[in-house]
Amino acid sequence: MAASDRFLLAAVMGWPISQSRSPMLHNFWFAQHRLQGSYVPLAIPPEQLGKALRALPALNFAVCNLTIPLKQDAMQIVDQVDITAKRIGAISCVVVRPDGSLAGSNNDWYGFTYNILDFVPDWRADAGPVAVMGAGGGARAVVYGLLERGAKEIRLCNRTHARALKLAADFGGPITVLKWEQRHDAVDGCAMLVNATNQGMVGENAFDLRPDKLPKTALVNDIIYNPRQTRLIEAAQARGNRTVTGLGMLLHQGIPAWRAWFGIEPKVTAELRALIEASL
Ligand SMILES: NC(=O)c1ccc[n+]([C@@H]2O[C@H](COP(=O)([O-])OP(=O)(O)OC[C@H]3O[C@@H](n4cnc5c(N)ncnc54)[C@H](OP(=O)(O)O)[C@@H]3O)[C@@H](O)[C@H]2O)c1
């Protein structure tokens, strides 16, 4: 859809939704690009997701993002799911097409990759083993991003072992699943560690990981962005590891969405980052 003079309505659906920083992000870009429009948060319980998505065309919404816990459920509702979202198993972004049908895609993997590259431009996913903690929707996007960049060894640990096995079976490729209790050893010799569990986010316990075996040269990424710096990131910095926090993943996933929605390439600027960080 080309940017036009008409008033553009966009939304993010989640349950709960008050924690979402997507309205702040997208309304910043609306103002910056002088688009007439508004991006609103919608609290949608999972059992109402079908009705809510189907109401988008009648309400004149052009686009919609999805956040926890609706990303997987949307797969069964929209009319078309692109190949990337199918592989990840979750939809982060829905476009309302002119005939009112709904097309789903997933940009979280893009946010993960370009957040890392923003801070570490020479980052290579194939530099050595990568330990990924978690096997939920976020972890699936991370694994997709790592494989897409040519990762040669991914060590996957998740509290619920079966979920990690399912992820590895769905993706195939160089993924070794280790038991949750083995997570402290899984980081031995790794070039990168990614926390994609929810442990460390506001309201949750800190991520319980002994990093003794993680090389000091390893890059540590936490995809959590609230708080701005998790205890894992602080501990990694204290021992001299390079770190990347999770906010940029949220910011960068908006770029391909805007390309698809409005044909515009928005920028992740220091001003935008500061605006959202100030709210955390
Ligand atoms: N920066 C971004 O743009 C971005 C994008 C996506 C997600 N995220 C963040 O990533 C985190 C995970 O999101 P998600 O969508 O993947 O959620 P999810 O699908 O609900 O998965 C949650 C993950 O956390 C694990 N977990 C939950 N409680 C745990 C505990 N007490 N001990 C150990 N592991 C535990 C789960 O393990 P089980 O399988 O055992 O339950 C699962 O691996 C959230 O904090 C979310 O905000 C950030």
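In which sense, left-handed or right-handed, does α5 pass α6? Keep that in mind as we walk through this structure, which is a predicted model. The crossing of α5 past α6 turns out to be right-handed, and helix α5 makes a good starting point for the tour.

Two packed helices are described by the angle between their axes and the distance between the axes. For α5 and helix α6, which covers residues 161-171, the axes come within 11 Å and cross at roughly 35 degrees. On the α5 side, the contact is built from A139, R140, V143, Y144 and L147, and on the α6 side from L167, D170 and F171. Sorted by class, this contact holds six nonpolar residues, no polar ones and two charged ones.

Now turn to the partner of α5 earlier in the chain. Helix α4 spans residues 108-119, and its axis and that of α5 come within 8 Å, crossing at roughly 60 degrees. The angle falls outside the parallel, antiparallel and perpendicular ranges, so α4 and α5 are oblique to each other. Their crossing, too, is right-handed. If you would like to find the contact on screen, select D108, W109, F112 and T113 in α4, which meet A141, V142, Y144, G145, L146 and E148 in α5. That set divides into six nonpolar, two polar and two charged residues. Y144 deserves a second look: this residue of α5 takes part in the contact with α4 and also in the contact with α6.

Helix α5 leads on to the open spaces of the model. The largest pocket has a volume of about 1,400 Å³. Among the elements that give two or more residues to its lining is α5, here residues 137-148, alongside β3 (61-66) and α9 (247-262). Altogether 45 residues line the pocket, and those nearest its centre are I68, G138, N198, M201 and I223. For anyone thinking about the chemical character of this wall, the lining consists of 19 nonpolar, 19 polar and seven charged residues.

What about enclosed space? A search of the whole structure finds one cavity of 30 Å³ or more, and the largest cavity has a volume of about 40 Å³. Its lining is made of L193, P211, L214, V220, L232, A235, A236 and R239. The main contributor is helix α8, residues 231-238, which gives three residues. By class, the cavity lining comprises seven nonpolar residues, no polar residues and one charged residue.

To finish, here are some backbone details worth checking in a viewer. The peptide bond from W15 to P16 is cis, with omega near 5 degrees; P16 sits in the loop that joins β1 (8-14) to α1 (22-32). Another cis peptide bond runs from N226 to P227, where omega is near 15 degrees. P227 belongs to the loop between β11 (219-222) and α8, and α8 is the helix that gives the most to the lining of the largest cavity. The last stop is R34, in the loop between α1 and β2 (37-43). Its phi is near 50 degrees, a positive value in a residue other than glycine.

Notes. Residues are numbered from 1 along each chain as its sequence is written. This is a predicted model: local features need pLDDT of at least 70, side-chain atom pairs count only at pLDDT 80 or more; totals for chains, interfaces and linings use all residues. Side-chain values use heavy atoms; hydrogens and water are left out. On a 1 Å grid over the protein atoms alone, a cavity is a set of points where a 1.4 Å probe fits but cannot get out, and a pocket is an open set with protein on both sides within 12 Å along at least five of seven lines; lining residues have an atom within 4 Å of a point. Grid points are joined across faces, edges and corners, and a volume is the space filled by probe spheres set on the points. Helices (H or I, at least four residues) and strands (E, at least two) are DSSP runs, numbered from the N terminus. Ala, Val, Leu, Ile, Met, Phe, Trp, Tyr, Cys and Pro count as nonpolar, Asp, Glu, Lys and Arg as charged, and the others, Gly among them, as polar. Axes are lines fitted to C-alpha atoms, for helices over the stretch in contact, and angles run from 0 to 180 degrees between N-to-C directions. Angles under 35 degrees count as roughly parallel, over 145 as roughly antiparallel, 65 to 115 as roughly perpendicular and the rest as oblique. A crossing is left-handed if the near helix is turned anticlockwise from the far one by less than a right angle, and right-handed if clockwise. Contact means heavy atoms within 4.5 Å.
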